[in-house]
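Let's walk through this one in questions and answers. Have the sequence and the model open while you read.

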Amino acid sequence: MKVYLDMCCYNRPYDPQEQMKIYLETQAKLFIQDWIKMGKLALVASYTLDYEVSNVPQEERRATIRAFIYENASEYLGVENRNAVEEKAKAIIATGVKEKDAAHVASAILAGCDCFVSTDKRLLKYRTDEIRLLNPIELISELEGE
């Protein structure tokens, strides 16, 4: 199964963990990362994700996220796909999704991902037949049910 994790997922472990939902999403995201490392899931990354990672202000966090992506992504949608991503993103933006989020979803769709994983409640309301958008906890529930 090919998965695309958005920046919200990568940042979730760095969020305050006092709320149970955030804590559970963090644990699910870390479990997903373990499955990626074991080869049970294929990670897809993109130039859009690279851009967002480069804007993480904390150097150590930025380096950790970048290292995980570079060491574990089995597929990368590069900037040469920019026109296709922007075209696909336009239709997604028209539904009310923010521009950066739409670019991530478009990248995942164009890369042929099975699911897009995010902790962004607003983004997870977007629906399409082209890809499933799931919270990390939902993905783990599905994977464990298989």
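**Helices, a pocket and a cavity**

Leaving aside neighbours within four places in sequence, Thr-48 is in contact (heavy atoms within 4.5 Å) with Tyr-4, Lys-100, Ala-103, His-104 and Ser-107. This is a predicted model, where local features need pLDDT of at least 70 and side-chain atom pairs count only at pLDDT 80 or more, while totals for chains, interfaces and linings use all residues. Residues are numbered from 1 along each chain as its sequence is written, and side-chain values use heavy atoms, with hydrogens and water left out.

Q: Is Thr-48 buried or exposed?
A: Thr-48 lies in helix α3 (helices are DSSP runs of H or I, at least four residues, and strands are runs of E, at least two, numbered from the N terminus). Buried means under 20% relative accessible area, exposed over 50%, and partly exposed in between, with a 1.4 Å probe and protein chains only. At 9% relative accessibility, Thr-48 counts as buried.

Q: What separation do the C-alpha atoms of Thr-48 and Val-79 have?
A: Along the chain, Thr-48 and Val-79 are 31 residues apart. In space, their C-alpha atoms are separated by 8.1 Å.

Q: Why do the buried residues of α5 line one face of the helix?
A: In α5, the buried residues are Val-85, Ala-89 and Ile-92. Seen down the axis of α5, they fall within an arc of 50 degrees (taken from the directions from the helix axis to the C-beta atoms), so they line one face. The general rule is that an α-helix has 3.6 residues a turn, so residues three or four places apart point the same way. For α5, the value to remember is that arc of 50 degrees.

Q: Which residues are exposed on the other side of α5?
A: The buried residues of α5 have cover that includes α3 (47-54), β3 (73-77) and α6 (99-110). On the other side, the exposed residues are Asn-83, Glu-87, Lys-90 and Ala-91.

Q: Where does the largest share of the lining of the largest pocket come from?
A: A pocket is an open set of points on a 1 Å grid over the protein atoms alone, with protein on both sides within 12 Å along at least five of seven lines; lining residues have an atom within 4 Å of a point. The largest pocket has a volume of about 280 Å³ (the space filled by probe spheres set on the points, which are joined across faces, edges and corners). Its lining gets at least two residues from each of α3, α5 and α6. The largest share, 6 residues, comes from α5.

Q: How many residues of α6 are buried?
A: The buried residues of α6 include Asp-101, Ala-103 and His-104. Among the residues lining the largest pocket is Ala-103. Helix α6 is mostly covered, and the buried count is 9 of its 12 residues.

Q: What volume does the largest cavity have?
A: A cavity is a set of grid points where a 1.4 Å probe fits but cannot get out. The structure holds 1 cavity of 30 Å³ or more. Residues that line the largest cavity include Gly-96, Asp-101 and Arg-122. Its volume is about 30 Å³.

Q: Is Thr-119 buried or exposed?
A: Thr-119 lies in the loop between β4 (115-117) and β5 (132-134). Beyond four places in sequence, Thr-119 touches residues including Cys-8, Arg-12 and Pro-136. With a relative accessible area of 8%, Thr-119 is buried.
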